[in-house]
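User: I am new to this structure and would like a close look at one part of it, the aromatic rings and what sits around them. Please take me through them with care.

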Amino acid sequence: MQNEGRVERFNLGERMAHWNHAISFCLLFVTGAALIFRSWGGLLGPHGVKLAQDLHHVMAVPFTFFTLLILLVGTRKTFFAWLKEIFTWGNEDMKFLGRFPREFFGLKVELPEQGKFNAGEKVNSILTIAGSAVMAVTGWILLFRAHFSREVLAWAYPIHDAGALVMGAVIIGHVYLSLLHPRSREAINGMLWGTVTAKFAREHHARWYRQVRQNQATPRPGRKLTSMPAD
Amino acid sequence: MARFAMLVDLRRCVGCQACTVACQQQWGLEPEQRFTKVESVEYGQFPQVSRRFVTTQCMHCDNPPCQEVCPTGATYKRQDGIVVIDEDKCVGCQYCLTACPYGARTYNEKRSIVQKCSFCAVRLGAGQEPACVNTCLGQARIFGDLDDPKSAIAKASSQPGVLKVKGTAMLYIPPKGLARNALPADASFPGYVSAWKEVVQPVGKTLLGLTTGAVLLSLMMNTVSPGPKEESSDEEN
């Protein structure tokens with residue numbers, strides 16, 4: 001069983017939506033920081049800040065609309081399956097969260113079986129959805145400021161700012177786990193090329209992996225295993 | 001150091017708006033842009049009623065919230081107390097416009113910058129009075145240095161009936177019977193600005209720092225004593 005092959009984790013639509021959101025968020029974060037931190041804004045100078053401001057306003061469009069559009073048009077079925085899973089919480093999930101810090105710091109730990117999305121990924125998903133909603137609503141209020149009262153505008157700033165900083169903290173952890181963490185960095189391949197090793201799927205998402213195997217045994221359209229040589 | 005302030009003797013204000021127009025002319029403002037405004041107030045009980053005027057403008061706060069939120073440092077308080085905007089640095093984000101509790105700031109659509117009363121700092125530099133003071137028909141406005149005991153404003157400010165708007169550089173002599181709340185309120189730092197600058201940003205930065213710290217620690221621990229790595233583990237099969 002050395003060459004178990006690879007398992008499809010994210011289809012093209014899911015990946016496009018993810019990267020649209022990721023790229024627009026990062027640009028929004030960097031340009032937004034120039035608009036609120038004088039140290040960063042001062043470094044760029046007034047023209048740099050102005051440019052950051054323009055870019056910030058442009059990137060609001062893909063961030064607010066394209067991600068959702070890609071998910072709804074490109075991969076509606078998995079989009080809803082994802083939503084359903086991340087809002088379904090069981091004992092295993094709580095156990096996972098309790099034990100995850102040991103996993104995070106590379107200590108020995110037995111993690112409970114997880115579905116396609118583990119409890120940490122569920123938290124990340126929920127924070128991203130909620131955060132994006134808050135950022136989009138407060139952001140568009142600030143863009144269409146003429147239509148809102150001063151009171152609403154005044155509170156939109158700190159809320160927009162708080163949302164950005166929380167999401168920034170979330171993404172630092174998210175990027176680290178997917179790119180650098182030795183036990184979980186295989187996950188990036190799922191988001192880049194669409195597949196992960198069967199070994200990774202089995203060890204990190206056992207419940208999901210069994211389901212994939214089952215579907216593979218009784219093939220259904222739309223669910224397929226790509227058989228690529230394992231690395 | 002000088003401490004510039006303005007006193008408006010509202011008993012002398014006839015509501016002619018000459019100050020508003022002189023100011024607009026001085027600074028080449030758009031018609032809807034007013035650094036100084038004249039509002040009429042009516043009070044009393046029929047038949048004992050009065051109609052008077054209250055002028056408002058930038059109050060040149062001791063602790064200006066507009067300066068606090070400006071991302072480029074375009075808005076700043078000078079040592080002589082005047083709050084000014086460096087137009088070359090202003091990017092037109094309008095945070096200050098929202099932060100100002102007195103609604104004293106205006107947005108110049110054509111130039112995409114925020115503008116407001118600067119006590120005519122440029123004129124002061126040339127030894128002239130602010131345009132509004134210069135033009136006031138009733139001589140209701142007195143401008144000067146509160147720290148100079150010989151100045152007209154220092155003398156005027158010590159007379160009875162003068163109301164200093166606390167935390168600002170504005171003083172008024174209200175007409176008899178005018179309620180305090182018809183005048184600009186004492187300066188109080190707006191809650192949304194302190195929530196933003198004193199809670200959200202430090203807490204947010206701490207959160208970013210903690211996450212980064214945890215990541216670095218994890219990276220270190222995984223490097224120093226690597227656990228069963230995904231790639232090298234052979235325990236299954």
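Analyst:
**Aromatic rings and their neighbours**

In this predicted model, the charged end of Lys122(A) is placed over the ring of Trp89(A), at 5.6 Å from the ring centre. Chain B offers another such arrangement, in which the charged end of Lys197(B) sits over the ring of Trp196(B), 4.5 Å from its centre.

Turning from charges over rings to rings beside rings, a search of the whole structure finds 17 aromatic pairs over all chains. One of them joins Trp155(A) and Tyr192(B) edge-to-face, with 6.0 Å from centre to centre and 80 degrees between the planes. This pair crosses between chains, since Trp155(A) belongs to helix α6 (residues 150-179) of chain A and Tyr192(B) to helix α7 (residues 191-224) of chain B. The partners can also be described by their accessibility: Trp155(A) is partly exposed, with a relative accessible area of 37%, whereas Tyr192(B), at 8% relative accessibility, counts as buried because the cut-off for that word is under 20%.

Within chain B, Phe119(B) and Phe143(B) form an edge-to-face pair, 5.0 Å centre to centre and with 70 degrees between the planes. Phe119(B) lies in the loop between β7 (113-115) and α4 (121-125), while Phe143(B) lies in strand β8 (residues 141-145), so the pair ties together parts of chain B that are 24 residues apart in sequence. Both Phe119(B) and Phe143(B) are buried.

Finally, in chain A, one aromatic cluster is formed by Phe96(A), Phe100(A), Phe104(A), Phe105(A) and Tyr176(A).

How values were computed: Residues numbered from 1 in each chain as written. Chains lettered and ligands numbered in written order. Predicted model: local features only at pLDDT ≥ 70, side-chain atom pairs only at ≥ 80, totals over all residues. Heavy atoms only, no water. Phe/Tyr/Trp six-rings, centres within 6.5 Å; stacked < 30°, edge-to-face > 60°. Helix = DSSP H or I, 4+ residues; strand = E, 2+ residues; numbered from the N terminus. Buried < 20%, exposed > 50% of the residue type's maximum accessible area, 1.4 Å probe, protein only. Lys NZ or Arg CZ within 6 Å of the ring centre and 35° of its normal.
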